[in-house]
Amino acid sequence: MKIHRLKLTNFAGVAERALCFEPSGVTVVEGPNEVGKTSLIQAIDLIFRYPDSSQATPVLAVKPVDRDVGAEVEVEFTTGPYHLVYRKRWHRSPVTELTVLAPHRQQFTGRSAHDRVDAILDETMDRELWSALRVQQGESITQADLAGTRLMAALDAAAAGALGEKDENDLFERARQEHERYFTAGGRPRGEWQQVQEELASAQREAQHLEQAFKALEEDTRHVERLQTRRAELEQHQKQLVPRIEELEASWEALESRRREVELEAARLAAAEERVRRAERDQKERLDLVREVREREGRLVELEAAVSRAREALAAAQAAHRAALDRARGLTERLVAQQARLQRAQADLERHRDRRDLEALKLTRERIRVVQAELRDADARVQASRVTDEDLAELERLHEAALTLSGSLAGSAPVVEVEALAAVDLTLGGVALRLAPGESVHRSVTDALELVLPDRLRVRVSAPLDVTELALRAAAAHDSEARRCQALGVADIQAARAEAEARRDAQRRLARARADLTPLLEGLTLEALEDRIERLSRQLHEQDLERPAHETPPPTLELAQAARQTAQTDLEAVEGESRALEAVVAECSQAHREAAEGAARAEAQALGAHEDVERAGSALAGARAQRPDEELERLAVEARLEAARMGQGLEAARAALEAQNPEQTRLLLENARAAQERGQKELYQLDMELATLRERLRIQGEAGLFDQLAQARSALEEVEHRHAALERRAQAARRLYATLGRHRDAARQRYVRPFQERVEQLGRMVYGPDFAVELDENLAIVRRHLSGRTVPYASLSTGAREQLSLLARLACAGMIGGEAGVPVILDDALGNTDPSRLERMGAVLNHAGEQGQIIILTCVPDRYQWVGRARVVRLEAGPPAADEVAAGVEATAPADRMLDVLRAQGRPLTKEELLALSGLGPALGTRLVDALVADGRIVRTGRARGTRYAPGP
């Protein structure tokens, strides 16, 4: 898969943005925080995952909060043999459009477009691989889960049949089942163990977040000091560049003067060489004149002999031409008589054919009248029909939707079962019932159901919101189907189908009648056919009246054809004689003309040749009188000697110029000027960054952080206690599973090795030739070997883990490659990598980009400056949005927006849902939530991952 172009319109905080990506190689998208970089990944996920009618939380989260418009995404991409342009809009006026550009052009809209893209992606792309190779912001140290991807399946096939015997497999399977109570196949927690770990991680993140908040102001202050120091260093370097540039400019001016002298010497040499060429040309022209005089004299002798031969041929051709003209006059009279005879025979034949055509036209007229009657009957039946194919298709769609929703409701609605243990009177769903012992009753709950035991018990059962909504949609679908049947005047869909089939039968009859009528009319109307019959009858009658009485025409069509054929044969015989004689006459005429032209041409050529001899002789004599042959030879020798002397002087001047290395001076001057310009730009950027940091320091504070931190630490201690208890059981299951699986590792290495070699090949570009790794069966890195030391992955530094996780993803992308490959998308990765390794990781990314598409999103451009052939796209931040107001400043609009969201939803929300639906950034949103909770305008319930927020009283 390759992404070529992405366009966002009204998407979250992005009004409109369009980007193009290189189909192969590295594309770096730069921009400050909250400019919308992460929205690009989110937009790609939404357009491929959710239909335009979806009301899922991620879809609702990208709807602009300040405008009543729908979020829209358009993406152009290729996958397998397909080249597609896919566009989708949610919320307002939903739209889904798909244009398939290759392998052949197609267009789809609506749900069919969404389903077609799903089918193409399932056919051509590994979606698990697509997810695994992506690095989200803040997750760069997490290893890719390659289990289940095309890479895992391809490598696993190489190890088929390498596992143990049946007993070993049974024992291992039981250990695996126990292991899977706590861990996934990739070794990640699951079930209760996963939930406890997630709660622990959430509590740790909350505590860490609050602790880091105390350090934020200090870090910003230190960053300002670093930037100020860097600015002073740049200013000092700029001052040092000025005298160096002046020195290089003076050296360059002196070299330019020497270069102009060399150019002057070269011009003088060119003039001398031109004089040599002119002298040699004069010599050649003199030799050409001598040779021309000799050639023209020989040509004159030959032409005078040709004139005598041409005059003799002309006399013979004149005699033959006169004899041929006398024979042609007699044959012309015979030809005229035969032509008149043929015209009379042709007229008789045409009259017989007209009579035959008249009878055929009358027969066609009768057949047309029968077909027209059938056409009128079928058309009347079509017009009387009430149900068209379009009406039936719409009704079929409504019927299918009603059946689908009813089936979904039957499978999704909860069921309440009441069984009487003794005789009892009760009310169920408003209906009074009496149940005998052992008797039971069932009810599906699609909205709300009430069970009442008079004077003793009342039980209310409510269906989930999605079931209630499904029941309403099913009822609405059945109602739509009934209204459509009523509008069409049919009882049900079966009657509509019968009515539509009757209409189609009448349409088929109508089509057959029209098809029969078209060849009969042959492009005419019935009135035109009648007119043609009338004209043909009148024409035959007039011809009979005009024929002379003494001429008797042939009685039949066959005799008329024979008479015409005889006349044609006789005429052709005479014409054949005439053509033969015409050829003879033409041949004689041509021979006469050619002889005359030849004689005239020979005389003219002889005359011209005589004049050419006199003219060439005069030109040669005049040239020798002006400058003798010996003088031309002397001038040529002198010009050659002068040119050789000037050439030696030019070579000496050039050698002296090159000895001073002007190219080096030019490069040093250009580099110094570029360094000066770069420093000025960097000073400007530092000033802008300093202004931003100072403003941030001005508006930040520590409101209520200590109390929040104390609460977070207390919650963390409680979760840690439960985590420790469950960890002992989970680790015991893992130890047993690992022990039984150890003997399988050797067989697993057969397919792990190719991927391991690819990771090590890339890693040696970063760490050196002694770098190696160990992988587990799911292709995750478990240990790193470097400089004689082996360190577990979990014990590595954050930067090293980040680099290894990225190397594994790039290795996977390189091994899959081709049409099965997917883009590698990195959102601000390498944030923990030091400058020396950034250079080498840049080389790795550049190398990996030669085998596929890599898209990098970053707010730190310098981090990827070592990616040699990267294409950079710069995103500029617009004016601050309303939701970017800092804490401590009046922020009425964002607070009211957050409260409106809570009231509109009508249920408690998680913090992530509240921030997404409010359209607020994480920094401002978190501070605003805490402030509204402290003020009592929002109520917080639950703890850790169960925390929810609702509007206050």
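Pro 103 sits in the loop that links β6 (95–102) to β7 (106–109), where strands (E, at least two residues) and helices (H or I, at least four) are DSSP runs numbered from the N terminus. The peptide bond leading from Ala 102 into Pro 103 is cis, with omega near 10°. The model is a predicted one, in which local features need pLDDT of at least 70 and side-chain atom pairs count only at pLDDT 80 or more, while totals for chains, interfaces and linings use all residues. Residues are numbered from 1 along each chain as its sequence is written, and side-chain values use heavy atoms, with hydrogens and water left out.

The loop between β5 (82–89) and β6 is also worth a visit, beginning with His 91. His 91 has a positive phi near 70°, although this residue is not a glycine. Ser 93 belongs to the loop between β5 and β6 as well, and its phi is again positive, at about 50°. Ser 93 counts as exposed because its relative accessibility is 54%; exposed means over 50% relative accessible area, buried under 20%, and partly exposed in between (1.4 Å probe, protein chains only).

Turning to the sheets, one open sheet of four strands follows the order β17-β18-β3-β19, with parallel pairing; two strands pair if DSSP finds at least two bridges between them. Its edge strands, β17 (824–827) and β19 (871–874), each pair on one side only. Neighbouring strands are turned by 15° against each other on average, direction ignored. β17 and β18 (residues 853–858) run parallel and are joined by four bridges, and Asp 827 stands opposite Leu 857 of β18. Helix α1 (residues 37–49) packs on this sheet, touching β3 (25–30), β17 and β18, and its direction makes about 135° with that of β18. Here contact means heavy atoms within 4.5 Å, and angles run from 0 to 180 degrees between N-to-C directions, with axes fitted to C-alpha atoms, for helices over the stretch in contact.

A second open sheet has three strands in the order β14-β15-β16, and the pairing is antiparallel. Because β14 (772–775) and β16 (789–792) at the edges each have a single partner strand, one side of each is left without a neighbour in the sheet. The average turn between neighbouring strands in this sheet is 20°, direction ignored. β15 (residues 781–786) pairs with β16 over four bridges, and Arg 783 has Pro 792 in β16 as its bridge partner.

The largest nonpolar core contains 85 residues, of which Phe 48, Leu 810, Leu 826, Leu 845 and Ile 854 touch the most other members. Such a core is a set of buried Ala, Val, Leu, Ile, Met, Phe, Trp, Tyr and Cys residues joined through side-chain atoms within 4.5 Å. Helix α17 (residues 798–816) supplies the largest share of this core, with ten residues. Leaving aside residues up to four places away in sequence, the contacts of Ile 854 include Gly 25, Val 26, Leu 810, Leu 826 and Leu 845. A second, separate core of 15 residues has Leu 915, Leu 917, Val 929 and Tyr 949 among its members.

Helix α13 (residues 629–659) has 31 residues and should span 45 Å at 1.5 Å a residue, which agrees with the 47 Å between its end C-alpha atoms; the expected span is 1.5 Å times one less than the number of residues. Among the buried residues of α13 are Leu 632, Ala 636, Met 646 and Leu 657. Just after α13, Asn 661 adopts a positive phi of about 50°.
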